[in-house]
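User: Please take a close look at one part of this model for me. I would like to follow how two neighbouring helices pack, and then see what lines the main pocket.

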Amino acid sequence: MNAGVFAVLAAIAILSACGVVLRTNAIHGALFLVANLATLAVFYLLMRAEFLAVVQVVVYAGAIVVLFVFAMMVLIPGKDETGPDPLRAQRWLAVPLAGLLLIELGLILTSRLLSAPAARPEPRMGLEPLYRALLTDYMLPFEVTSVLLLAALVGVMALTKGRPS
């Protein structure tokens, strides 16, 4: 891995982790968490651990963060915003930044980065032992963890609802 690429990704990971901890708005903290988890997925890709990168994005950045945001939306009642738009001064940046993002996406799609990599020898074992271990030996701990997380979420919702009057 190139030291420059590592330095940039490490800086992004550290800054997004600081954003998770320092932001007072919970939704902004969740977005910083998504950025941090995506950066970790890029680290996995650079180490040629494609399976771990996909799991990182799908399970953590996808499912867990969506669960956090859902719980925050249920537990933190929204304010009725009928006044002036507080982000009106920043909205003019949206169109140029979206255009820049589309240009970058086009450059990435036309570059050689996405072309087929040079043939490399197949690994001896592949991912089959990992799949087999996850679906046999570690299935019960995985299911117990998911039930505990669900129970914790239901408990938090019950505690914040308060007692009926």
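Analyst: What follows covers a helix pair and then the largest pocket. The model is predicted.

Start with the helix pair. Two packed helices are described by the angle between their axes and the distance between the axes. Helix H1 spans residues 3-22, and helix H2 spans residues 26-46. Their axes come within 8 Å. They cross at roughly 155 degrees. Angles over 145 degrees count as roughly antiparallel, so H1 is roughly antiparallel to H2. The crossing of H1 past H2 is left-handed.

Which residues make the contact? From H1 they include Val5, Phe6, Leu9, Ile12 and Val20. Small names appear in the H1 list too, among them Ala10, Ala13, Ser16 and Gly19. H2 answers with residues including Phe32, Leu33, Val42, Phe43 and Leu46. Asn36 and Thr39 of H2 also take part. By class, the contact has 14 nonpolar residues, 5 polar ones and no charged ones.

Now the pocket. Rolling a probe the size of a water molecule over the atoms shows where empty space is left. The largest pocket holds about 580 Å³ of space. Its lining has 18 residues. Closest to the centre are Val59, Tyr60, Ile64, Phe142 and Ser146.

Where does the lining come from? Helix H3 (50-75), helix H5 (128-135) and helix H6 (139-161) each give at least two residues. H6 gives the largest share, 8 residues. The lining of this pocket counts 16 nonpolar residues and 2 polar ones. No charged residue lines the pocket.

Notes: Residues are numbered from 1 along each chain as its sequence is written. This is a predicted model: local features need pLDDT of at least 70, side-chain atom pairs count only at pLDDT 80 or more; totals for chains, interfaces and linings use all residues. Side-chain values use heavy atoms; hydrogens and water are left out. On a 1 Å grid over the protein atoms alone, a cavity is a set of points where a 1.4 Å probe fits but cannot get out, and a pocket is an open set with protein on both sides within 12 Å along at least five of seven lines; lining residues have an atom within 4 Å of a point. Grid points are joined across faces, edges and corners, and a volume is the space filled by probe spheres set on the points. Helices (H or I, at least four residues) and strands (E, at least two) are DSSP runs, numbered from the N terminus. Ala, Val, Leu, Ile, Met, Phe, Trp, Tyr, Cys and Pro count as nonpolar, Asp, Glu, Lys and Arg as charged, and the others, Gly among them, as polar. Axes are lines fitted to C-alpha atoms, for helices over the stretch in contact, and angles run from 0 to 180 degrees between N-to-C directions. Angles under 35 degrees count as roughly parallel, over 145 as roughly antiparallel, 65 to 115 as roughly perpendicular and the rest as oblique. A crossing is left-handed if the near helix is turned anticlockwise from the far one by less than a right angle, and right-handed if clockwise. Contact means heavy atoms within 4.5 Å.
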